[in-house]
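Here is a short set of exercises to work through with a structure open beside you. Try each task yourself before reading the solution.

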Amino acid sequence: MKSLTLLAPLLLCVTLLCSSLNVASDSAAAALAILKWKASLQSQNHSVLLSWNTSNNPNTKTSPCAWFGIHCNHADSVTKINLTGYGVKGTLHLFPFLSLPNLAELDLSTNELYGIIPPKISQLSKLTYLDLSFNQISGQIPPEISHLVHRQTLHLAGNQLNGSIPREIGQLKFLTDLALCSNKLNGCIPASLGKLSRLVSLLLYNNSLSGPIPPELGNLRNLVEVYLDTNRLTGPITSTFGNLKKLTVLQMFNNSLSGPIPFELGNMESLSEISLYHNNLSGLIPTSFGGLRLLTLAHLYENQLSGPIPEEIGNLNSLVDLELSENQLNGSIPASLGNLSNLEILFLRDNRVSGSIPNEIGNLMKLTVLELDHNNLTGNLPQGICRGGSLEYFTANDNQLTRPIPQGLKICTSLKRVYLERNRLRGNISEDLSILSISRNNLSGAILLELGLMSKLLYLDLSANQLSKSFPETIGNLSMSFYLNLSINQFSQNIPIQVGKLTRLFHLDLSHNMLSGEIPGELQSLQSLETLNLSLNNLSGEIPASFEHLRGLYTVDISYNELQGPIPNSQAFLNAS
């Protein structure tokens, strides 16, 4: 017994020594494996890899745990390598990592690695996190990747991978994040992905995937985001997506999906963004969308949707961006849209919407952009359209609006751009805008009496109306303007000399009016002018020789007037001839 008592400490020392030797041996093997991978790179002297060496002091630097990007556990065993975003360049050579038995996380994303993913990657048996995204990796995804049964994250986005998605990926039962986007993958989305019951994020966008969306994806009850956009997917949107109660983002734009939008999508109670634009979807917008109370963005434009805009859309109090343009929607704009208190963007252009613009649109206090072009809208612009005070961009070209332009536009202090071309508007306007285009209407009278107040105006097009009388002298206050088109009206009397103050103009068109008198010499101050059209008026007197000083003038037309004298020595007049 006494002998055993004496031997016990000796046995403990031997055990500890052996354990220490094993740890040292494992660390040395790990260091050797990592250095072997470093040797395969073209950028071995990269600054982040300078700490990867054992040359200075082999006794203290055998363990790689202090090296940059290398993480170890308490037993000094390498568990994680993270070199994301450091521009490391070379072949994707993973074989040395097979000597790291406890490696769980490998992040080599956003570098310049190339080559293929080797089938032997399956031997990294404890790997739970693999990120090789945003490199130059090519070839196919090996089916053997499914042998990494502990995998939770697989990111291969932003490479040059081709071929189909292996159906074997459906065997990764612990997978939560799958990102294969921005590659050259083709073929169908495998139905086996529907077995990934823990999947939270599915990113397959920007590939060449084709065929239908498998209904099995509706089994993934933990999904939070789905990105299938910018592929070649066809067929209907599966109604099983209605089972995805945790889904917040659904992006399927830029495909060739057809058929109606399933009513069941209204069951996705957590949804905040849905983008289905640029497809071939038809039928009605489901009234069930009114139940998506957390929805902030709905992009359904560039489809073949028909029927009226559902009144229930007015229930979406969180909605910020609603874009329904380029469809075949008809009926009137529902007054319930005035309930969308957070709405900032409303696009309804290129549809068949008719009736008047509801006064309730003025209740949208945060609305900044309103597009209603190319519809069948009639009646007047609502007096309170700017009641919210946030509207910056308003366009309603190519409708049948006929009433006078409302005085309510005068309170649009933030309004910068207005396009109301090709309507039947009449009346007077004068606003503090940066862009105003109301050409091809029935505007008449002395519309420009307060033009001098539009001090921030950059672009003004009032062509093809019935405006008359003379230009006010205050036109010279438009000192910021670079584009002025008042052609095809009934303006008379002289061109005011104050036009010479518009030194930023590069386009001036006063043609097709009844202007008389001489061309003012002050136009020589318009040194930025590139295009000048004064044709088809009653101008008389000498052609100003000062035109020769307009060095930037490229195009000029003063034909069909009563001008006389020599043609100025200017390239613009040579171009005209």
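The exercises below deal with a predicted model, and each one is followed by a worked solution.

**Exercise 1. The salt-bridge network**

Task: Find which residues are linked with R349 in a network of salt bridges, and work out how exposed each member is.

Solution:

Step 1. Begin with the whole structure, where a search finds 5 salt bridges. As a reminder of the chemistry, side chains of opposite charge can pair when their charged atoms come close.

Step 2. Look at the contacts of R349. E371 forms a salt bridge with R349, with the closest N and O atoms 2.6 Å apart. The side chain of E326 also meets R349, at 3.1 Å from N to O. The bridge between D350 and R349 has an N to O distance of 3.3 Å.

Step 3. Place the partners along the chain. E371 sits in strand β26 (residues 369-371), while R349 is in the loop between β24 and β25; these two residues are 22 apart, so the pair links distant parts of the chain. E326 belongs to the loop between β22 (321-323) and β23 (328-330), and its pairing with R349 again links distant parts of the chain, 23 residues apart.

Step 4. Check the exposure of each member. The cut-off you need is that buried means under 20% relative accessible area. E371 has 11%, so E371 is buried. R349 counts as partly exposed because its relative accessibility is 23%. D350, with a relative accessible area of 28%, is partly exposed, and E326 is partly exposed at 31%.

Result: E326, R349, D350 and E371 are linked in a network of salt bridges.

**Exercise 2. Cysteines, paired and otherwise**

Task: Decide which cysteines form a disulfide, and give the handedness of the link.

Solution:

Step 1. Count first: the structure holds 1 disulfide. Recall that a disulfide is a covalent bond between the sulfur atoms of two cysteines.

Step 2. Find the pair. The sulfur atoms of C65 and C72 are 2.1 Å apart, and these residues form a disulfide.

Step 3. Read the torsion. The angle about the S-S bond is -100°, and the link of C65 and C72 is left-handed.

Step 4. Add the surroundings. C65 is partly exposed, with a relative accessible area of 22%, and C72 is partly exposed too, at 25%. For practice, try two further cysteines: is each buried or partly exposed? C181 has 2% relative accessibility, so C181 counts as buried. C188, at 44%, counts as partly exposed.

**Exercise 3. An aromatic pair and its strands**

Task: Classify the aromatic pair of F471 and F491, then trace the strand pairing of β36.

Solution:

Step 1. The model has 13 aromatic pairs. In the pair of F471 and F491, the ring centres are 4.6 Å apart and the planes make an angle of 45°.

Step 2. Apply the cut-offs. Planes under 30 degrees apart count as stacked and those over 60 as edge-to-face, with the rest tilted. The pair of F471 and F491 is therefore tilted.

Step 3. Locate the rings. F471 is in the loop between β34 (466-469) and β35 (483-485), and F491 is in strand β36 (residues 490-493). They lie 20 residues apart, and the pair links distant parts of the chain. Both F471 and F491 are buried.

Step 4. Follow the strands. β34 and β36 run parallel and are joined by 2 bridges; S468 has Q490 in β36 as its bridge partner. On to strand β38 (residues 514-517): 2 bridges join β36 to β38, and these strands run parallel. Here the bridge partner of Q493 is L515 in β38.

Step 5. For a second look at aromatic rings, find W37, W52, W67 and F97, which ring pairs link into a cluster.

**Exercise 4. Positive phi outside glycine**

Task: Say where T110 and H374 lie, and how exposed each one is.

Solution:

Step 1. T110 has a phi near 55°, a positive value in a residue other than glycine. H374 is not a glycine either, and its phi is positive at about 55°.

Step 2. T110 lies in the loop between β4 (105-107) and β5 (112-116). H374 lies in the loop between β26 and β27 (376-379).

Step 3. T110 counts as partly exposed, at 40% relative accessibility. H374 counts as partly exposed as well, at 37%.

Note on methods:
Residues are numbered from 1 along each chain as its sequence is written. This is a predicted model: local features need pLDDT of at least 70, side-chain atom pairs count only at pLDDT 80 or more; totals for chains, interfaces and linings use all residues. Side-chain values use heavy atoms; hydrogens and water are left out. Rings of Phe, Tyr and Trp (its six-membered ring) pair if their centres lie within 6.5 Å; planes under 30 degrees apart count as stacked, over 60 as edge-to-face and the rest as tilted. Helices (H or I, at least four residues) and strands (E, at least two) are DSSP runs, numbered from the N terminus. Buried means under 20% relative accessible area, exposed over 50%, partly exposed in between (1.4 Å probe, protein chains only). A salt bridge is a side-chain nitrogen of Lys or Arg within 4 Å of a carboxyl oxygen of Asp or Glu. A disulfide is a pair of cysteine sulfur atoms within 2.5 Å. Two strands pair if DSSP finds at least two bridges between them.
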